[in-house]
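Here is a short tour for anyone meeting this protein model for the very first time. Have a look at it, then read on.

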Amino acid sequence: MRRILIVGAGQAGLQLALSLQGAGYDVTVMSARTPEEIRGGRIMSTQCMFAPSLQIERDLGLNLWEDRAPRIVAQRLTVSDPPGEVAFGFVGRWDAYAQSVDQRVKMAGWLELFESRGGEVVYHGVMTSELEALSAMYDLTVIAAGKGELVELFDRDPERSPYDRPQRMLSCIYLHGMAPRPDYPEPHVRISALPGIGEHFFMPGYTNTGPCDILLWEAVPGGPFDCWSDRPGPEQHLERTLELMRRYVPWEYELCADARPTDARCTLFGGYAPVVRHPVGRLSATAHVLGMADVVVANDPVTGQGSNNAARCADVYYRAILEHGGRPFDPEWMQRTFDTYWAHARWVTAYTNMMLAPLPEHVQRVLATAAHNPEVAYRFAKGYTDPSDFQHWILDPEKSDAYLASVADKDHTAV
């Protein structure tokens, strides 16, 4: 039986561990925190997972909260210019629902599931200096911990990493009690984009205390949304959030009369430079480790792809490990495996990086057209569930304009 070590207990690492465990592999997971510590800790992300990612979990029997989490049916984009006023907006409805489960709930539950099925979990942080000795006991070591010193094993790929500093400063809070939007009460993601200032996101989710409302600020550094360096507590965070919403996104503010924080650790702050790293970490001339998910492709959450990338990466790596049989997991195999994942992640990265910059004119034309053409609104929203489609239109000005011309006779008022 082949032995696999997975360092990191997030979406990618645990999904890979559970899928390999189900295929008969001897898998060890190293987690810096116990399930109890994860559940009682700070929120980790916003994690809106679209239908293809949910299907991966469903096929593996990992959809433990599907009957409890809100079913998110659509995506709304509102462009505000000048700030506080709606320039235009539209809704794109998906073919199948998305869901957002607090990673404190999911990762704690998956760790317990892995252990209940006989998997070994070592609750201990790992230093780079310890990794060579550890990896010698396994056929393959996968690094799935996207933060900390282990990431430094993987060199930045400058050709695929145009940014060397954060493009957005992030602030998130989980709430109970927001009202649904009267004109579209079904659960849906709402994005308010303010050019030059940043973005405000709303999504329904599920947390330790049941269904919840998630608010995320994406702040252009130095702008008015970039005001969280003091890391306020939940009540102070909510107070500041409401003041920003009242001024900049009043259509969201009016839904928050009864909003309250879900718990004492329901806030998150940060910012990081989007980066792509080389996937093979060298410990010695003969010892190498494979990076996955955020370790090797870390996109800004402005396009909501982080957990979806992690699920896709874990699925690709799982299939590659199974297909490889009993052969050595050498650096060449590691690179090929990553390249298979990159065939998908490259389009996510290209689209996300584009949306972090001032929007190109052809993208502005797409969004303005979507406001009165439901077909364009649908395709734009659907692209979030399969970003590879963006290569065929919105990532290329000529293809984009050709597509808009092809649907021009179908224009009519969108929702």
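Does Lys 106 count as buried or exposed? At 4% relative accessibility, Lys 106 counts as buried, where buried means under 20% relative accessible area, exposed means over 50%, and partly exposed is in between (1.4 Å probe, protein chains only).

## Ground rules

This is a predicted model, so local features need pLDDT of at least 70 and side-chain atom pairs count only at pLDDT 80 or more, while totals for chains, interfaces and linings use all residues. Residues are numbered from 1 along each chain as its sequence is written, and side-chain values use heavy atoms, with hydrogens and water left out.

Helices (H or I, at least four residues) and strands (E, at least two) are DSSP runs, numbered from the N terminus.

## Salt bridges

Let's stay with Lys 106 for a moment. Its salt-bridge partner is Glu 57, and the closest N and O atoms are 2.7 Å apart. A salt bridge here is a side-chain nitrogen of Lys or Arg within 4 Å of a carboxyl oxygen of Asp or Glu. This pair links distant parts of the chain, with Glu 57 in helix 3 (residues 51–59) and Lys 106 in helix 4, 49 residues apart. Glu 57 is buried too, with a relative accessible area of 4%. A search of the whole structure turns up 21 salt bridges.

Another of them joins Arg 39 to Glu 112, with 2.8 Å between the closest N and O atoms. Here Arg 39 sits in helix 2 and Glu 112 in helix 4 (residues 103–116), so the pair links distant parts of the chain, 73 residues apart. Arg 39 is partly exposed at 31% relative accessible area, and Glu 112 is partly exposed at 33%.Then there is Arg 319 with Asp 315, whose closest N and O atoms are 3.1 Å apart. These two are four residues apart in helix 8 (residues 306–324), which means about one helical turn separates them. Arg 319 counts as partly exposed at 47%, whereas Asp 315 is buried at 15%. Elsewhere, Arg 76, Arg 181 and Asp 183 are joined into one network by salt bridges that share partners.

## Around strand 2

Strand 2 (residues 26–31) is mostly covered, with five of its six residues buried. Strand 1 (residues 3–7) pairs with strand 2 in the parallel sense over five bridges; two strands pair if DSSP finds at least two bridges between them. One place to look is Ile 4, whose bridge partner in strand 2 is Val 27. Between the two strands the chain passes through helix 1 (residues 11–22), making a right-handed β-α-β crossover. Right-handed means that, with the strands pointing away from the viewer, the path from the first strand over the helix to the second runs clockwise.

Strand 2 also runs parallel to strand 6 (residues 120–123), and four bridges join them. There, Val 29 stands opposite Val 121 in strand 6.

## Backbone oddities

Most residues other than glycine have a negative phi, and most peptide bonds are trans. Gln 47 is not a glycine, yet its phi is positive, about 45°. You'll find Gln 47 in the loop between helix 2 (35–39) and strand 3 (48–49), and it counts as buried at 5% relative accessibility. Ala 293 also has a positive phi, near 55°. Its loop lies between strand 16 (288–291) and strand 17 (297–298), and Ala 293 is buried, with a relative accessible area of 7%.

Where is the cis bond? The peptide bond from Asp 81 to Pro 82 is cis, with omega near 5°. Pro 82 lies in the loop between strand 4 (72–80) and strand 5 (86–100).
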